[in-house]
Amino acid sequence: MRRWLRTVGYYRLSAYWLPLELPPKMGQTRSKQFPPNTPFSDIVDIYVFDRKLRLLVIEAVDRFEIAVRARWTNLLSLAHGSHAHANARNFHDGFEHARMFAKIAKTAEDSSEVFVEHYLKKYSDPFVPSLWHVTELMTLGELSFWVKATADNRMKDVLAKDLGLPNKEVLEGTLQLLSYVRNICAHHSRLWNRKTVKRAPNIRQMRSDMDIDRSGSQHQPRNSIYNVLVILARTLKHQSPDTTFPQRVRALVETRSPSQQAAMGFPHDWRERPIWQAQLATKQAWQWLPTVLRRKLGQA
């Protein structure tokens with residue numbers, strides 16, 4: 001216990017033992033009391049699970065982010081040239097574009113990246129590197145602002161469909177949500193049972209997988225990590241049909257108790273939802289092959 005308190009810290013660990021505490025008394029926010037014989041290992045177990053979950057999520061968000069960078073850069077530069085980002089006409093708000101452009105120009109000026117130094121040594125005009133250079137210097141949050149500011153809505157619809165999303169509105173909402181989630185992961189903050197500040201977009205094609213709040217007049221996805229995992233699994237599946245991300249999420253989440261799964265927003269029938277069944281079907285298909293052949297292919 002002392003080692004965990006020294007290396008992780010009381011305050012960080014307290015977020016993980018909160019679900020194990022007894023209910024607080026009237027006027028208290030937390031009881032800081034536990035049921036008899038509660039092992040400290042239960043707290044560590046949740047903490048380690050959260051760390052594994054963050055690693056899975058950051059990997060998936062990184063792949064989504066790289067795809068957005070590549071496809072947005074390609075679409076914009078093909079339509080408006082290598083320095084499309086320098087032209088305010090390609091974006092909605094001229095003043096906002098000036099602010100964003102000044103910031104990315106400063107980032108490029110201060111950068112020690114080899115590809116930026118190579119550009120600045122070789123070219124003096126335009127003074128800011130090309131779109132595919134500066135896009136690599138943007139955070140996901142900055143990239144989401146640039147995509148949202150893009151004036152050509154048809155281009156954003158094409159980008160959305162390339163990523164497995166229906167339209168530009170869903171693309172913009174997804175970028176904002178994943179920027180928020182990426183920041184949680186990057187700062188090693190608690191992820192597993194967090195309620196997201198922003199709800200997942202209402203994506204009709206994903207409703208069979210999502211956990212939907214049907215209590216109000218407008219049925220909307222709940223602001224749970226489960227729905228974030230659905231979006232990541234669906235978009236990765238669109239980009240790479242052979243991705244193992246859904247399979248790895250399922251394997252990790254199945255190490256949790258039903259109550260902990262519910263705390264993450266997983267519906268009671270989540271295993272029967274299509275996205276979590278897809279990998280099982282692939283695995284079962286291999287069982288029809290002769291055992292010797294499956295061993296050679298690494299599927300036995």
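This report describes salt bridges, aromatic pairs and one surface patch in a predicted model.

Residues are numbered from 1 along each chain as its sequence is written. Local features need pLDDT of at least 70 and side-chain atom pairs pLDDT 80 or more, while totals for chains, interfaces and linings use all residues, and side-chain values rest on heavy atoms, without hydrogens and water.

**Salt bridges**

The whole structure holds 20 salt bridges, each being a side-chain nitrogen of Lys or Arg within 4 Å of a carboxyl oxygen of Asp or Glu. Among them are the following.

| Salt bridge | Closest N to O |
|---|---|
| R182 and D62 | 3.4 Å |
| R182 and E65 | 3.2 Å |
| D213 and R222 | 3.7 Å |

R182 lies in helix α9 (residues 168-186) and D62 in helix α3 (residues 40-80), 120 residues apart. Helices here are DSSP runs (H or I, at least four residues), numbered from the N terminus. E65 also belongs to helix α3, so its pair with R182 ties together parts that are 117 residues apart in sequence. Salt bridges that share partners join D62, E65, R69 and R182 into one network.

Residues are called buried under 20% relative accessible area, exposed over 50% and partly exposed in between (1.4 Å probe, protein chains only). By this scale E65 is buried at 6%, whereas R182 is partly exposed at 25% and D62 is partly exposed at 26%. In the third pair of the table, D213 is buried at 18% and R222 is partly exposed at 34%.

**Aromatic pairs**

There are 11 aromatic pairs in the structure. Rings of Phe, Tyr and Trp (its six-membered ring) pair if their centres lie within 6.5 Å, and planes over 60 degrees apart count as edge-to-face. F101 and F127 form an edge-to-face pair, 6.5 Å centre to centre with 80° between the planes. F101 is in helix α4 (residues 94-110) and F127 in the loop between α5 (114-122) and α6 (131-135), so this pair ties together parts 26 residues apart in sequence. F101 is buried at 15% relative accessibility, but F127 is exposed at 57%.

F266 and W270 form another edge-to-face pair, with 5.0 Å between centres and 80° between planes. F266 is buried at 5%, and W270 is buried at 0%. Ring pairs link these two residues with Y226 and W276 into a cluster.

**Surface patch**

M1, L5, Y10 and Y11 make a nonpolar surface patch of about 510 Å². L5, in helix α1 (residues 2-7), is partly exposed at 32%. Patches consist of residues with over 30% relative accessible area and no salt bridge; like charges are joined within 9 Å and nonpolar side chains (Val, Leu, Ile, Met, Phe, Trp, Tyr) within 5 Å.

Notes:
Areas by Shrake-Rupley, 256 points an atom, 1.4 Å probe, with all protein chains shown as cover. Helix = DSSP H or I, 4+ residues; strand = E, 2+ residues; numbered from the N terminus. Phe/Tyr/Trp six-rings, centres within 6.5 Å; stacked < 30°, edge-to-face > 60°.
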